[in-house]
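User: Please take a close look at the largest pocket in this model and at what surrounds it.

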Amino acid sequence: MASLSELHRAGILIVDDRPANVLLLKAMLEYAGYTRIDSTSDPRGVVARHRQQRYDLILLDLNMPFMNGFEVLEGLKEVEAGEYLPVLAVTAAPEHKQRALDAGVMDFVCKPFDHTELLARIRNLLEVRLLYTGARDQGARLACYDALTGLPNRALFQQSLEQMLAAGDSQASAVLMLDLDGFARINDTFGHAAGDALLSQFAQRLQRAAPAGSVVSRFGNDEFALALGGLVTQHDALQAAEQVRHCCAQPFQLAQGETRLTSSIGIALHPDDAADAATLMKYASTALHQAKQAGGGGCRFFTDAMDVQAQRRFDFERALRQAVSNSEFELYYQPKVEVSSGRMAGAEALLRWNRPGYGPVPPSAFIPLLEETGLIVEVGAWVIDTACRQIAQWAGCAGGPVPVAVNVASRQFADSALQQTVADALAAHGIAPELLALEVTESALMDDAERTAATLAALRAMGVKVAIDDFGTGYSSLAYLKRFPVDALKIDIAFIRDVTVDPGDAALVEAIVSMAHSLGLEVVAEGVETEAQLACLARRHCDQIQGYFFSRPVPAMQFEHLLLKGASLAPPDSGAPQVRTLLLIDDEPHVLSSLQRLLRQDGYRVLTASGAAQAFDLLARHKVQLVLCDQRMEEMSGTELLDEIKDMYPDTFRIILSGYTDLATIMESINRGSLYRFYTKPWDNRILRENIRAAFRHYWQLHGLSPADTARCA
């Protein structure tokens with residue numbers, strides 16, 4: 001309810017062609033305490049006066065010369081279109097009451113009137129009018145201001161920016177778009193109340209730091225904007241950006257404790273980048289997107305190249321949406337091979353897009369955008385259904401049935417419809433559920449551990465297999481690995497790429513395989529591209545591999561051809577110690593040739609390498625007992641190389657052969673356990689042969705050799 005002081009300040013217009021009536025009404029209202037009272041005897045100017053003054057109440061006589069009250073009402077309704085019409089009709093003709101009410105007046109009083117009754121009706125109408133206008137103004141404010149921070153919203157910001165640009169004429173201005181990096185983590189970890197508290201603190205800091213005359217706005221979520229006028233140089237905008245970043249750099253005080261965030265900022269300049277407010281805001285938003293793409297915490301000025309890139313992204317996203325509706329996607333299948341037998345053991349279904357007019361699009365270009373736009377849920381459901389259809393078709397092939405694994409993105413795994421999608425696909429194509437596997441990344445599994453456990457349990461109940469994809473690159477807890485009902489781990493290509501030359505990668509792969517097997521899980525290695533990688537994985541008892549060494553991803557027809565012809569890998573060299581194998585490493589060909597001729601006569605299998613890469617490749621593919629290495633090589637010294645060989649193949653015996661005496665280095669290497677023996681050039685053939693025979697005898701005593709080879713070593 002409006003207060004008495006508000007009522008007395010309300011604007012009132014008296015319209016009556018008789019001056020005596022006007023004076024009477026005015027005196028009565030003034031006596032009652034009303035202070036804003038206007039009057040007129042000419043009805044023809046009422047509409048114009050109300051349009052200008054917006055009176056809270058009009059006391060309108062209906063019977064007047066020149067223009068009657070009903071004609072005035074028609075004009076007032078145009079001014080107050082769809083709004084509350086603040087008119088009280090006063091007339092000596094009571095027969096006009098119904099017509100007046102139908103015309104839109106709020107109330108009706110007949111002359112002669114009772115003063116007390118008239119004042120009561122005036123007060124009631126004013127209270128309604130003031131409540132109405134208050135609610136309308138509050139609604140208008142809510143429509144233009146952010147409810148959480150009280151800052152202008154996007155619509156009001158654009159309106160203010162347009163006014164700033166119009167008033168500034170040729171003066172430079174700038175728009176800064178910014179958002180808080182990692183803000184979603186605050187909401188996810190502490191809840192939306194903590195997120196709101198952080199946003200309120202940041203809005204207050206931003207208002208305090210903003211230069212005089214600037215406009216600060218919140219567009220929504222964690223996105224804010226700042227309009228700056230009267231700039232002299234581009235550096236002025238950059239200084240403002242630094243102030244914003246400083247606001248964000250200070251710790252935010254939350255109920256759960258202090259937290260820190262960074263901000264990404266995009267800047268567009270007027271008139272250099274754009275002349276109008278809408279385009280300026282669009283360009284600043286484009287620059288912000290680039291700043292975030294660069295990793296967050298940075299600032300980017302808009303450039304024409306960004307606009308071109310933004311347009312390309314828009315076109316690409318539109319084409320991607322059309323691809324979904326036009327069924328432009330296809331599944332390729334990459335074989336999985338059982339390491340122990342070399343036979344094909346299944347496949348991974350991989351999404352491919354052949355964009356009309358452009359050709360094949362790399363998965364790295366469109367799959368992240370599918371995830372970002374949410375289309376991955378729809379496309380992922382299509383992938384599961386298509387893979388199940390293909391499993392059903394291959395069930396009758398000579399090499400069938402074929403288990404097929406499907407990648408499930410984080411967003412799809414979190415979708416409540418995933419279980420029903422899988423169940424529908426299995427039922428539609430009538431396949432055994434164990435032939436379908438879902439591959440989910442560590443990060444997707446760890447987003448919500450409780451939900452993950454429930455989802456995996458439901459999938460397990462269906463009989464569907466689950467594998468953790470890209471294992472080792474995420475942040476999974478080993479405790480959760482034990483808890484989650486999964487069937488396999490896939491070792492990421494990052495660990496396979498250098499597994500034959502990097503002791504750290506080799507140790508990690510061995511640890512992953514050992515841990516998985518102890519938990520009853522299978523292990524699949526991704527990205528196997530060489531025979532050496534395959535041999536290294538076989539030695540560490542990896543179950544399956546996939547990669548270009550056997551086959552790149554191929555269309556379904558080509559995969560079926562591989563099935564029908566029984567494509568397989570030759571089992572890797574078992575590396576059994578029955579064959580006495582010696583590896584010679586020297587970057588001088590004539591030295592290698594001489595040693596090879598000398599030592600072959602003793603029945604050894606002699607392998608030769610001219611450098612580290614070739615040596616590691618041979619060590620991965622063959623079981624080597626003894627390594628004889630030159631000390632002085634261009635790529636790396638012999639002691640350095642043997643240090644790495646010791647880390648990866650600790651059972652090998654390692655011997656240095658050198659024409660130079662570097663006793664300090666040699667002794668240090670011996671003390672580290674990297675060397676078994678040290679010989680100088682030129683060597684004595686007889687002594688070298690005897691010592692190598694002794695080395696193999698020593699190896700036999702430690703690790704065992706076949707009886708035949710034992711006799712040779714004697």
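Analyst: In sorting a lining by class, Ala, Val, Leu, Ile, Met, Phe, Trp, Tyr, Cys and Pro count as nonpolar, Asp, Glu, Lys and Arg as charged, and the others, Gly among them, as polar. On that basis the lining of the largest pocket holds 17 nonpolar, 10 polar and 9 charged residues. The model is a predicted one.

The largest pocket has a volume of about 920 Å³. Its lining is made up of 36 residues, and those nearest the centre are Glu348, Leu350, Ile367, Asn407 and Asp469. Several elements each give two or more residues to this lining: among the strands, strand 13 (329–338), strand 14, strand 16 (404–408), strand 17 (436–441) and strand 18 (465–471), and among the helices, helix 13, helix 14 (375–394) and helix 15 (410–413). Helix 13 gives the most, with 6 residues.

Strand 14 and helix 13, both on that list, are also linked by an aromatic pair. A search of the whole structure finds 14 such pairs. In one of these, the ring centres of Trp353 and Phe366 lie 5.8 Å apart with the planes at 80°, so the pair is edge-to-face; the cut-off for that class is over 60 degrees. Trp353 belongs to strand 14 (residues 344–355) and Phe366 to helix 13 (residues 363–373), so that the pair joins distant parts of the chain, 13 residues apart. Both partners are buried: Trp353 has a relative accessible area of 2%, and Phe366 has one of 0%. Phe316 and Phe329 join Trp353 and Phe366 in one aromatic cluster.

Turning from the pocket to other side-chain contacts, two arginines have a charged end over a tyrosine ring. That of Arg552 sits over Tyr548, 4.4 Å from the ring centre, and that of Arg677 sits over Tyr676, 4.3 Å from the ring centre.

The cysteines add no covalent links, as the disulfide count comes to 0. For Cys247, the closest cysteine sulfur is that of Cys248, 8.4 Å away, which is too far for a bond, given a cut-off of 2.5 Å. Cys247 is buried, at 7% relative accessibility. Cys397 is likewise in no disulfide, and the nearest cysteine sulfur, in Cys388, is 16 Å away. Cys397 also counts as buried, at 16% relative accessibility, the limit being under 20%.

How values were computed: Residues are numbered from 1 along each chain as its sequence is written. This is a predicted model: local features need pLDDT of at least 70, side-chain atom pairs count only at pLDDT 80 or more; totals for chains, interfaces and linings use all residues. Side-chain values use heavy atoms; hydrogens and water are left out. Rings of Phe, Tyr and Trp (its six-membered ring) pair if their centres lie within 6.5 Å; planes under 30 degrees apart count as stacked, over 60 as edge-to-face and the rest as tilted. Helices (H or I, at least four residues) and strands (E, at least two) are DSSP runs, numbered from the N terminus. Buried means under 20% relative accessible area, exposed over 50%, partly exposed in between (1.4 Å probe, protein chains only). A charge sits over a ring if NZ of Lys or CZ of Arg is within 6 Å of the ring centre and within 35 degrees of the ring normal. On a 1 Å grid over the protein atoms alone, a cavity is a set of points where a 1.4 Å probe fits but cannot get out, and a pocket is an open set with protein on both sides within 12 Å along at least five of seven lines; lining residues have an atom within 4 Å of a point. Grid points are joined across faces, edges and corners, and a volume is the space filled by probe spheres set on the points.
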